[in-house]
Amino acid sequence: MSNQECESPEPEEEQAKPDSPFFDDIDRRELHSEILSRKESPSTSLLCPTADAPVAALDGKSSSYFAALDSNTENLQKRTQQLIEKINENRKKDHTVMSNFRESLLLKVSSLAEKLEEMMFLIYDRHNKQMQDKLQELSEIMERISQIQMELRQVCHTVEAAYKDLCVQPEV
């Protein structure tokens, strides 16, 4: 069995990784050059187990590949953590903005409610004055009605007395 037969073909994922947006430009170049070197010399990356050598050994290129892979994984974790922290900071900022907006809105609504209340009191005062004037007029009219009613009673008593006098006169 030759070394080339033992070696597994390159997974398509590994070939696609260098073009992934998650790798830095430097990391992409390093990984891409490693993949190319592995393709050029497939027998140097992994030794195939044979009857003489039962244990596979890693050479320098493979261990550097895994170190680069670990480094990329760590970089991804760091970037992920940074993004999460940035999202949380932005959420805190959004919360602060909304709290400030709420407070500002409450102040403006309170101010507007106070102005509206003042306008209502002004309208109430004006209406109260108008109603007071109307009530004063009504009072004066009711007093005049009472006087006219008394005069009308006196006229009625006078007419009644005159009618009685006319009816009671002796016939001569």
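Trainee: Is Phe121 buried, partly exposed or exposed?
Mentor: Good place to start, and keep in mind that this is a predicted model. Buried would need under 20% relative accessible area and exposed over 50%. Phe121 has a relative accessible area of 46%, so the residue is partly exposed.

Trainee: Which residue forms an aromatic pair with Phe121?
Mentor: A search of the whole structure turns up one aromatic pair. Its ring centres are 6.3 Å apart, with 65° between the planes. Planes over 60 degrees apart count as edge-to-face, and that is the geometry here; the partner of Phe121 is Tyr124.

Trainee: Which helix holds Phe121 and Tyr124?
Mentor: The two residues are three apart, about one turn of the helix. The element that carries both spans residues 60-168. That element is helix α4.

Trainee: And what is the relative accessibility of Tyr124?
Mentor: Tyr124 counts as partly exposed, and its ring partner Phe121 is partly exposed too. For Tyr124, the value behind that label is 43%.

Trainee: What is the area of the nonpolar surface patch that includes Phe121 and Tyr124?
Mentor: Besides those two, the patch takes in Leu116, Met120 and Ile123. Met120 is found in helix α4 and is partly exposed, at 35% relative accessible area. Patch members need over 30%, so Met120 qualifies with its 35%. Together the five residues named make a nonpolar patch of about 470 Å².

Trainee: Further along, is Thr158 buried or exposed?
Mentor: Thr158 also lies in helix α4. The cut-off for exposed is over 50%. Thr158 has 51% relative accessibility, so the residue counts as exposed.

Trainee: Which residue has its backbone oxygen 2.7 Å from a polar atom of the Thr158 side chain?
Mentor: Look along helix α4, where Thr158 lies. The distance of 2.7 Å falls to a backbone oxygen on one side and a side-chain polar atom of Thr158 on the other. The backbone oxygen belongs to Gln154.

Trainee: How far apart are the end C-alpha atoms of residues 124-151?
Mentor: UniProt lists this span as "coiled-coil region", in an unreviewed entry. In the model, the span is 100% helix and 0% strand. Its end C-alpha atoms lie apart by 40 Å.

Trainee: Stepping back, what percentage of the protein's residues are buried?
Mentor: The protein has four helices and zero strands, following the pattern α-α-α-α along the sequence. Buried means under 20% relative accessible area. Of the 172 residues, the buried share is 10%.

Key. Residues numbered from 1 in each chain as written. Predicted model: local features only at pLDDT ≥ 70, side-chain atom pairs only at ≥ 80, totals over all residues. Heavy atoms only, no water. Phe/Tyr/Trp six-rings, centres within 6.5 Å; stacked < 30°, edge-to-face > 60°. Buried < 20%, exposed > 50% of the residue type's maximum accessible area, 1.4 Å probe, protein only. Patch = residues over 30% accessible without salt bridge, like charges linked within 9 Å, V, L, I, M, F, W, Y side chains within 5 Å. Areas by Shrake-Rupley, 256 points an atom, 1.4 Å probe, with all protein chains shown as cover. Salt bridge = Lys/Arg side-chain N within 4 Å of Asp/Glu carboxyl O. Polar contact = N/O pair within 3.5 Å; in protein donor to acceptor, adjacent residues only side chain to side chain. UniProt positions renumbered as here; feature names shortened; annotations may be inferred.
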